[in-house]
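Hello,

Here is the structure I promised to pass on to you. Have a look at it first, and then read on for what turned up.

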Amino acid sequence: MAGHSLNGIELPRGMLWVDEFNWSAVSKSVDRSITGAQVIDVSLLIAGRPITLQAVETQGWIRRTTLQQVQALVDEPQGEYLLVLADGREFRVQFAASDPIAAAPIARPELPSDIHPYVATLRLITV
C-alpha cells in the first residue's frame, strides 16, 4: 500500500496525523456589548489547519535520504506543496513557522547511511 506524499516525496504511511481532530473550521469570539448583552462573532477559517505527521519508535520510520529531501523543502522561503495522504485526501500545505521538522535516528550510528531509519515529526499547516 502506498504511503503519504509531500510534493512527490514518498513518506511512510505509518506517520500518523496526530492533530487531525484538534481543529475547527469555525472560529468564535465572545464579547459583551455596552448594554451587557453577549455578542458572539462567528467566522469560517479557510487556512491554517495544522497537519502534524508523526512517527513513533515502532512505526513510520523515514529514511535519511527522504529526510534530506524534506529538509530541502523546509529551506525554500516560499514553499507551498501538495500533501496527499495515504487515504487519498489532498491538502495544499506549507511548513509550520516553528519547529517544522524534528527527527532522531534509530540507534546512534557514527556515519548513518542514506537508508538509515529515523523517527520524525513533520509540522505542516494548510494554505
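Glutamate 20 counts as buried, because its relative accessibility is 17% and the cut-off for buried is under 20%. Please keep in mind throughout that this is a predicted model. Glutamate 20 forms a salt bridge with arginine 89, and the closest N and O atoms of the two are 2.8 Å apart. The pair links distant parts of the chain: glutamate 20 sits in the loop between β3 (16–17) and β4, while arginine 89 sits in the loop between β8 and β9, 69 residues apart. Unlike its buried partner, arginine 89 is partly exposed, at 31% relative accessibility.

Arginine 89 has another partner as well. Its side chain meets that of aspartate 87 in a salt bridge, at 2.9 Å from N to O. Through these shared partners, Glu20, Asp87 and Arg89 are joined into one network.

How many salt bridges does the count come to? The count comes to three, and the one not yet mentioned joins the side chains of arginine 92 and glutamate 80, at 3.6 Å from N to O. This pair also links distant parts of the chain, with arginine 92 in strand β9 and glutamate 80 in the loop between α1 and β8, 12 residues apart. Arginine 92 is partly exposed at 39% relative accessibility, and glutamate 80 is partly exposed too, at 42%. As a general point, side chains of opposite charge can pair when their charged atoms come close.

Now to the interior. The largest nonpolar core has 24 residues, and those with the most contacts inside it are Leu6, Leu11, Met15, Ile51, Leu53, Leu83 and Val93. At least two residues of this core come from each of β2 (9–11), β6 (50–54), α1 (64–74), β8 (81–84), β9 (90–95) and β11 (117–126). Of these, β11 gives the most, with five residues. If you would like one residue to start from, try leucine 83: leaving aside neighbours within four places in sequence, its contacts include Leu6, Ile51, Leu53, Val93 and Leu124. Arg89, from the salt-bridge network, is also among the contacts of leucine 83.

Next, the hairpin. Strand β4 (residues 26–32) pairs with β5 in the antiparallel sense over seven bridges. Five residues lie between the two strands, and glycine 36 in the turn has a positive phi of about 95 degrees. Valine 39 lies in β5, which covers residues 38–44, and aspartate 31 stands opposite valine 39. Not counting residues up to four places away in sequence, valine 39 touches Ser29, Val30, Asp31 and Ser33. The C-alpha atoms of valine 39 and serine 29 are separated by 8.2 Å, with their positions 10 residues apart along the chain. Valine 39 is partly exposed, at 40% relative accessibility.

Which residues form the nonpolar patch on the surface? They are Val26, Val30, Ile40, Val42 and Leu44, with about 460 Å² of accessible area together. Both strands of the hairpin take part, as β4 and β5 each supply at least two of the patch residues. The largest share, three residues, comes from β5. On the β4 side, valine 30 is partly exposed, with a relative accessible area of 48%.

Happy exploring, and best wishes!

Conventions:
Residues are numbered from 1 along each chain as its sequence is written. This is a predicted model: local features need pLDDT of at least 70, side-chain atom pairs count only at pLDDT 80 or more; totals for chains, interfaces and linings use all residues. Side-chain values use heavy atoms; hydrogens and water are left out. Helices (H or I, at least four residues) and strands (E, at least two) are DSSP runs, numbered from the N terminus. Buried means under 20% relative accessible area, exposed over 50%, partly exposed in between (1.4 Å probe, protein chains only). Contact means heavy atoms within 4.5 Å. Two strands pair if DSSP finds at least two bridges between them. Patches are made of residues with over 30% relative accessible area and no salt bridge: like charges are joined within 9 Å, nonpolar side chains (Val, Leu, Ile, Met, Phe, Trp, Tyr) within 5 Å. Accessible areas come from the Shrake-Rupley method with a 1.4 Å probe; for residues, only the protein chains shown count as cover. A salt bridge is a side-chain nitrogen of Lys or Arg within 4 Å of a carboxyl oxygen of Asp or Glu. A nonpolar core is a set of buried Ala, Val, Leu, Ile, Met, Phe, Trp, Tyr and Cys residues joined through side-chain atoms within 4.5 Å.
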